[in-house]
Amino acid sequence: MDAGRHPLIEVITNAEVVDCQGDPGNFEVTIHKNPRFVHEDLCVACGQCVDACPQVGGNEFDMGLKARKAIYRPYPQSVPGAYVVDPEACLNFMGFLDDKQRRRLEMIQKLKLKKDPEYTPNILVCGHCMDNCDVDAIDFDMKGEDIHKDVGAVLVAVGFREFDARKLGNYGYGRLPNVVTSLELERMLTAGGVTNGHVVRPSDMKTPKSMVFIQCVGARGEGGRPYCSRFCCMNAVKDSMMIRQHQPEVEDITILYTDLRAFGKGFDDFLQRSYDTHSAEYVRGRPAKVDHIPEDDTLEVFVEDTLGHEQRRIKTDLVVLSVAAAPNDGAIELAELMGIETDQYGFIAKKDPAISAVESTREGIYVCGSASGPQIIPDCVAQASATAVRAQLFLTGHRIEEEEEHMDAEPMELTGPPRVGVMVCHCGVNIGGVLDVDQLVEYASTIPDVVVAQPNVFACSSAGQDELVEMIEEYDLNRVVVAACTPRTHEPVFQETLSRIGFNPYLLEMANIRDQCSWVHSDQPELAQEKAKTLIRMSVARARNLQPLIREKVPMTRSALVIGGGIAGIQAATDLAVQGFPVTLVEKDDHLGGRLARPNLDLLYPNLRSAQEVLDEKIEILNRTDARVLLSTEVESMTGYVGSFEATFKGQANETASFGAVIISTGADLFEPDGLFCYGEMDNVITSAQLEEMFCEGRDLSLGGSAPSSASFILCVGSRDPEGFTGCSRYCCPTAIKQAMELHRKGIDTTVFYRDIRTVSKGAEEMYRQARGEGVLFVRIPPGSQPEVVGGKRAEAVRCFDDLLGRHLEVPTDLVVLSVGMRPGQPETENFQEMLKVPVGTDGFLMELHGELAPVETAVEGVMLAGTVQGPKDIVDTVAQASAAAAKASIFLAFDKVKIDPTVATVDENKCRGCGKCVDICDFHAPELVEIAPKLFVARINASMCKGCGTCASWCPTGAIIARHFTDRQVHAMIDAFFG
Amino acid sequence: MATKDKNSWDPEIVVFACNWCSYAGADTAGVSRIQHQPHFRMIRVMCSGRIQPAFVLRAFERGADGVLVSGCHIGECHYIFGNERAIEQFEKTMSIVKMLGIEEQRLRLEWISSAEGARFAEVINEFTEQIRELGPSPFGRKRSPAKAGKGVAG
Amino acid sequence: MQQLAARTNAWACYDCGKCTSTCPIVRAGATYSPRRHVLAANLGEPASSIVHDGLYVCLTCRQCDARCPVEVDYTGLILGLRQSAYDETTQPECPHGGALQSTMRLMANGGTQQDRLGWLKEDLQTDPKKGRVFYWTGCTMYYDAFFTDFDVHTLDGTRAAIKLLNALGETPIVSPEERCCGHDLLWIGDRKGFESLAKHNVDLVAKSGAEVLVTSCAECLRTWRIDYQPLIPDDFPEILHISEFLADQTEKLDLSENKQTRATYQDPCRLGRHLGVYDQPRELLEAVPGVELVEMPRSGVRAICCAGSTWSNCDRFAKKIQVERLREARDTGADVLVTACPKCQIHLKCAMNDPNIGEEISIEMRDAAELVAEALDKRDSK
């Protein structure tokens, strides 16, 4: 929606790239736009054409579960909102006519000719949609066209398609109606979806009593695809919880899995909730087949419960195949014409799988999201922002330095008693077809303080806007009510018009008589009419109490502070500096690199590149920029808010400086396993970090004994710990496998004790498979138990119950490696929580603004997170996040002022008792208590930090806090007017 | 309590809605043309945390037969925890409402997301039906037109 | 307006400004002048013209009335002005968004069976309809339900009063039909809401056949004794504050020493300056063995009010008055600050709920009846 409205974004849909020439910075791209047969600029998305269309086609969005017409809108929130004709389904493309149709066609053509003498008749079979379109938006003469664009960079975000489960014939998909894919289930579960959020069996549309999810369909070796699809585990867990909550009639849900890969932030806690609420039974095992039992129309799934050691035949009503992500159709062709490479599966390849977050194999072309392989949403969002900042490199000279200041007219004098004007929109027949607009106009003019009321055919059209302006000027209005559609989409449109003539845009009120009235009560037009009257009356009451508000601007210090010089900080600082923004990078050590620097890390998975080499490359790029790097320096204190943060440094640099935006990339700590698994007691029990250091420095591994001939890894040490950090540390599985292979290749017999192998990153699953193939032994630690290190002065063996074999194993070992998880970096995390009020999540890590949609922003505007300071992640994801943080920071830095939304809370200091309730309840730390005289405290609200939710106003006992634009008085006036 | 036939009168219901979820959910119901009962009027606020006891009590005072408070699902608040504050406010309001002898079924809290147009319609239909069953509010205008509240303040 | 000026002796004002210099709100730093309102009234200006000149700021505490050299009834004038402004459809923006006023108006409307007696415990003997004493609870159950975010327990005083009545052998009427007395609606000028409550309540008590009406709320008492007067029929029960009812019967209560307590007493403005009841609460407290009563520097007719009686306004200046009052109470060395009005307790406790100076001004607060009732407990356990 936002993208669709953004003035700098042109959305070309129904189109494909057919050619790409030129060089980075100067690509010439040819786009073929297929005809949609509906003019986007004319269509008002009223939907009358759909009602008129006689032809039914299949609905792709609802996975064929629901039909749609031949002219349609793919889904209700689609952008652009215009409808589209499906040539495959439309009669006009079907090439035959009967007499009736021909007569009809001739009539339409006559009409067309009347309107436009130039009109060349077309062979049209059906014209119902055109007849019913009030704005003449439908045009069957529309041709496909090639559009040429000169662009600096190209971002590839072509996504994925689901694996075609038909290829795994034993599961019966396509043959058995009650075997559905996870995407089909998702469409059913969507509240506005095909079955209104209810799960049904497609065969009889009845609620299933039991369901079975089969995981890894088309992944991890199934269907010839070795990679892990990343999102399917959590999706199945989530679906099971949603279904059990909404439809308790679904009694049993069984999830058949191989490993439960709850690797993302908070995922393990979510999984735990599923265990606690028994939303599903988890059975480890992959089924061989799904059979149909015709007697009672049920399904039977054959599976070995690999932990319970039994063959099970699970009888069920519905089977859901958790289908993996596969490369999208045409991805390979696209890659070819773009001159970029794909990987062995057909996903867009990245330049270097160990470090590249978004780089394709060709400069100037970037890839984000699942186009390069399966991703979870927060990673997609971070990568998307990262591509944006990379693209910026090639757009020099195009950056929007200053916002286009449309020359707002002198503010109009709008004082005095309310003079309200009401405009009632017909919206074609959308409103006018249900409501009696003239009567509404007549009614509106009788409401107190209304000096004029007028109808309009399309208030949002340019003609409508002109009439609004005329009405204001003619009647000397100081309040405007537009009774039309929803303010959520159209308030900005009208506000802009008002601003243009100097009419304060906050003196506008909209009555939503379309979306929430004529559209939803068309079956009861009389009651809809009554409702519309009340809505207008309520809107007038609110309008009378509206206050003009001014959008203030506060200065933006156009420089950024990046705190922490690990790979995240280096990347973020580089990305900002190459755009020309002044950046200061502060690092407490005397060198950059953090965990990547020697001797912390030797080789990177999956391609075993030297970490130091990668790091050196990154540092060199940084050094070529103007970024200021302060080594051996820490941030001692920090105050302020977006636009003007004040930081005081201590260490090598001792100074105070101000910054407009801040990126925190101070990383995480590694868990110290003191006292666990005899660490600290036996010389040959070490952590994965120590092993890496030994690799790095080429030290021998004897650790005071003889050279080891066997080694054991114990995973999840300090992760997924019910007593401590309950989450997954994400990096340890692939790291342990990498290290295990390295030992194994040295001739050391290596065993890995794991809980679930979570090799989700690019190439990691393949590495896992290879490790197993080469002979690394994997033993699963049963849930709730721990392996035990056996020995005297030195570890001699690791003892563990193996629930696959059903007995204890004692694996002799000369070396025990504890794969330690991550912990929030201290004291940094606490310091930033204290100094900048960045919230900390339940896991102890700094918290992002939104787990999925805003993974790098925080509740504190202008403060971004990069890397493991936000939660455990591996290097590629860290780099992506760092670039995303830089992208978000550059949005602030691009302007020399930050606009402050005036619809925030303010305090009447004379009314404030200084009780501090507002301070307690605000999660954005906007209010604070200020001592204005000795022992006299009043609250002040920082408008830059206030998000305008108004919660503090409802908690303020005295009414000192005013939630602007949603004041008590305005709300009360609406309530009173309802019943007035 | 309702002596009259429940369909012989139309209830008047105030719906307080968060801009980001339930108000948008009502719009989504509109886009999808999901028909529902028309006896409610929406009052939009930016966050359910804004909906204070005074709003609800005033609605009853002026004659509402039912009041629906709606916000984002827990964990999905546009402002992090606004909806959790809304619960606190709602519970306080509910205790006063019950003490006043207003049937507790006349006041309801619902979480509706912006995508849940169908659910919005369902909630409205169900709540409207519930209010019909209860009959007019003792403070409602339908009880006795003479007792209608006084005009708008300010 | 002229009638009002005459009735409240406003014409006698000779512009000396003593009221302004006495006014606690002015002393707390507000720009405000009672005298200006007197002048406006004398000039016959409409009440609505002073809405924005602090019509709802006055605490109606009667400090100025007590000091006025020519006995202008400024508080009465304010009441009249607010009523006449209200008629001009102006309403104050009350604290808590007007939630409390809505609650009162809902009660005024009636038509429901309130569920207001959930707090009655089994050990309290009451009767919903018949009895010699009609115990008027006031709205403490609503207050405790509304003020959940700080430590308000006004119902404790209500329960203590009933316990004391029981100890005297009375089984008082506690009626589920009781409604708000209308005090706060009256004082924001809502005459209509007030009158419908008054009629209901007077009728309820008159029909009960009780001989005496006892209440623990100073505001209810003022309302019953003064504002309900025009409605009250002959042979209506006597109207007493719990302290008045108990003061001369303390011997019958057989009180014994509970613990040594230093108490100081906050005169509620309604009980003191409005009704002249200063001594009985003190006598009652002094009758409790082990209670030592110490006075704050400003007490009796000079006592500072809790700064929130009419619930029409609350602000920084009210807070300052409360903070000063609490400091005075603390300076007496008292363990407990005793009041005889639930509103005093609510407003002073609200002031204590302060992140910066809360520690410095906090003091335990009880209703006078609670201290007395505790002295009963001790005897029982012996």
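1. Two strands are taken as paired if DSSP finds at least two bridges between them. That criterion underlies the remarks below on two sheets of chain A, and it should be kept in mind that the model is a predicted one.

2. In the antiparallel sheet of chain A, 3 strands lie in the order S39-S40-S41, and the sheet is open. Its edges are formed by strand S39 (788-791) and strand S41 (807-812) of chain A, each of which pairs on one side only. From one strand to the next, the twist averages 30 degrees.

3. Within this antiparallel sheet, strand S40 (residues 795-802) of chain A is joined to S41(A) by 6 bridges, the two strands running antiparallel. A residue pair that can be located directly in the structure is A:Arg799, which stands opposite A:Glu810 in S41(A).

4. A further open sheet in chain A is built from 5 strands with parallel pairing, and their order is S29-S26-S25-S33-S44. Strand S29 (628-630) and strand S44 (863-865) of chain A each have a single partner strand, so one side of each edge strand is left without a neighbour in the sheet. Averaged over this sheet, and with direction ignored, neighbouring strands are turned by 20 degrees against each other.

5. Inside the parallel sheet, strand S25 (residues 560-563) and strand S26 (residues 583-586), both of chain A, pair in the parallel sense over 4 bridges; for A:Ala560, the bridge partner in S26(A) is A:Val583. Helix H16 (residues 567-577) of chain A packs on this sheet, where it touches S25, S26 and strand S33 (661-664) of chain A. The direction of H16 makes about 170 degrees with that of S26(A).

6. Between the chains, a helix pair deserves a look: the axes of helix H25 (residues 968-978) of chain A and helix H2 (residues 53-62) of chain B come within 9 Å and cross at roughly 25 degrees. Angles under 35 degrees count as roughly parallel, and H25(A) and H2(B) are therefore described as roughly parallel to each other. Their crossing is right-handed.

7. Which residues make this helix contact? On the side of H25(A) they are A:Asp968, A:Val971, A:His972, A:Ile975 and A:Asp976, and these meet B:Ala54, B:Phe55, B:Arg58, B:Ala59 and B:Arg62 in H2(B). By character, the residues of the contact between H25(A) and H2(B) divide into 5 nonpolar, 1 polar and 4 charged.

Notes:
Residues numbered from 1 in each chain as written. Chains lettered and ligands numbered in written order. Predicted model: local features only at pLDDT ≥ 70, side-chain atom pairs only at ≥ 80, totals over all residues. Heavy atoms only, no water. Axes fitted to C-alpha atoms, helices over the stretch in contact; angles between N-to-C directions. Contact = heavy atoms within 4.5 Å. Parallel < 35°, antiparallel > 145°, perpendicular 65-115°, else oblique. Left-handed = near helix turned anticlockwise from the far one by under 90°. Nonpolar A, V, L, I, M, F, W, Y, C, P; charged D, E, K, R; others polar.
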